[in-house]
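Here is a brisk report on one protein chain. It goes from the chain's layout to its charged pairs, surface patches and cysteines.

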Amino acid sequence: AQVNTQSASMRPLAVVLLIVGVDEEKGPVVLKVDPAGHFLPFKGTATGAKEQEATNFLEKRVDAIPEYSLDETVRTAIVCLGSVLGSDFKGSEIEVACVDGKDGKFRSLTEEEIEDHLNAIADDADA
């Protein structure tokens, strides 16, 4: 059976899916679905090329994440991305979206809002 999948053209594609939504009882939730179809809830997670580095970054903050405000959550995500990629961003270079509150309103942040968060991150780093 393995002979049939040894060439790359014969392997099925694998997809990891992050689902962000609102549970009626628990409020906002993040679910990660792996290629086998298992899904697990997370307080913060990552996927992609540098998933392990981002996961390590978030694990150091896992105890505080449930108490974060929306601004703290967005800034933690931006700092995590910058830390893992080893670069600074402009508001036009990244996209940020959030599911806000128990109502589950999904919205993308504007470039100006992202720039405000980047400025707050820089101010915190300077302090």
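## Start of the chain and its surface

Val15 sits in the segment before S1. The model is a predicted one. Val15 has a relative accessible area of 56%, so the residue counts as exposed. Together with Leu17 and Ile19, Val15 makes a nonpolar surface patch of about 260 Å².

Leu18 belongs to strand S1, which covers residues 17-23. Its relative accessibility is 33%, so Leu18 is partly exposed. Leu18 and Phe39 are 21 residues apart along the chain. Their C-alpha atoms are separated by 9.3 Å.

## Overall layout

What is the order of helices and strands along the sequence? The pattern reads β-β-β-α-α-β-β-α. In total, the chain has 3 helices and 5 strands. The chain holds 127 residues, and 21% of them are buried.

## Salt bridges

How many salt bridges are there? The count is 2. One of them joins Lys32 to Glu51, with the closest N and O atoms 2.5 Å apart. This pair links distant parts of the chain. Lys32 is in strand S2 (residues 27-33), while Glu51 is in helix H1 (residues 51-59). The two residues are 19 apart in sequence.

A salt bridge also joins Arg107 to Glu113. Here the closest N and O atoms are 3.3 Å apart.

Are the partners buried or exposed? The table gives the relative accessibility of each residue in these pairs.

| Residue | Relative accessibility | Class |
|---|---|---|
| Lys32 | 13% | buried |
| Glu51 | 28% | partly exposed |
| Arg107 | 33% | partly exposed |
| Glu113 | 26% | partly exposed |

Why does Lys32 count as buried? Its relative accessible area is 13%, and the buried class means under 20%. Glu51 has 28% relative accessibility, so it counts as partly exposed.

## A negative patch

Which residues gather in the patch of negative charge on the surface? They are Glu111, Glu112, Glu115 and Asp116. Glu115 lies in helix H3, which spans residues 111-126. Why is Glu115 classed as partly exposed? Its relative accessibility is 31%. The partly exposed class lies between the 20% and 50% cut-offs.

## Two buried positions

Gly27 is part of strand S2. Its relative accessibility is 0%, so Gly27 counts as buried. What lies 77 residues apart from Gly27 in sequence and 8.0 Å apart in space? The residue is Gly104, with the distance taken from C-alpha to C-alpha.

Leu109 is placed in the loop between strand S5 (105-108) and H3. At 11% relative accessibility, Leu109 is buried. Gly91 is 18 residues apart from Leu109 in sequence. In space, their C-alpha atoms are 9.9 Å apart.

## Cysteines

How many disulfides does a search of the whole structure find? The search finds 0. A disulfide is a covalent bond between the sulfur atoms of two cysteines. Cys80 is buried, because its relative accessible area is 7%. Cys98 is buried as well, with a relative accessible area of 8%.

## Recap

Back to the main points. The chain carries 3 helices and 5 strands. Lys32 and Glu51 form a salt bridge between distant parts of the chain. Arg107 and Glu113 form a salt bridge too. On the surface, Val15, Leu17 and Ile19 make a nonpolar patch, whereas Glu111, Glu112, Glu115 and Asp116 gather in a negative one. The structure has 0 disulfides, and both Cys80 and Cys98 are buried.

Notes: Residues are numbered from 1 along each chain as its sequence is written. This is a predicted model: local features need pLDDT of at least 70, side-chain atom pairs count only at pLDDT 80 or more; totals for chains, interfaces and linings use all residues. Side-chain values use heavy atoms; hydrogens and water are left out. Patches are made of residues with over 30% relative accessible area and no salt bridge: like charges are joined within 9 Å, nonpolar side chains (Val, Leu, Ile, Met, Phe, Trp, Tyr) within 5 Å. Accessible areas come from the Shrake-Rupley method with a 1.4 Å probe; for residues, only the protein chains shown count as cover. A salt bridge is a side-chain nitrogen of Lys or Arg within 4 Å of a carboxyl oxygen of Asp or Glu. Lys and Arg count as positive and Asp and Glu as negative; His and the chain ends are not counted. The place of a charge is taken as NZ of Lys, CZ of Arg, CG of Asp or CD of Glu. Helices (H or I, at least four residues) and strands (E, at least two) are DSSP runs, numbered from the N terminus. Buried means under 20% relative accessible area, exposed over 50%, partly exposed in between (1.4 Å probe, protein chains only). A disulfide is a pair of cysteine sulfur atoms within 2.5 Å.
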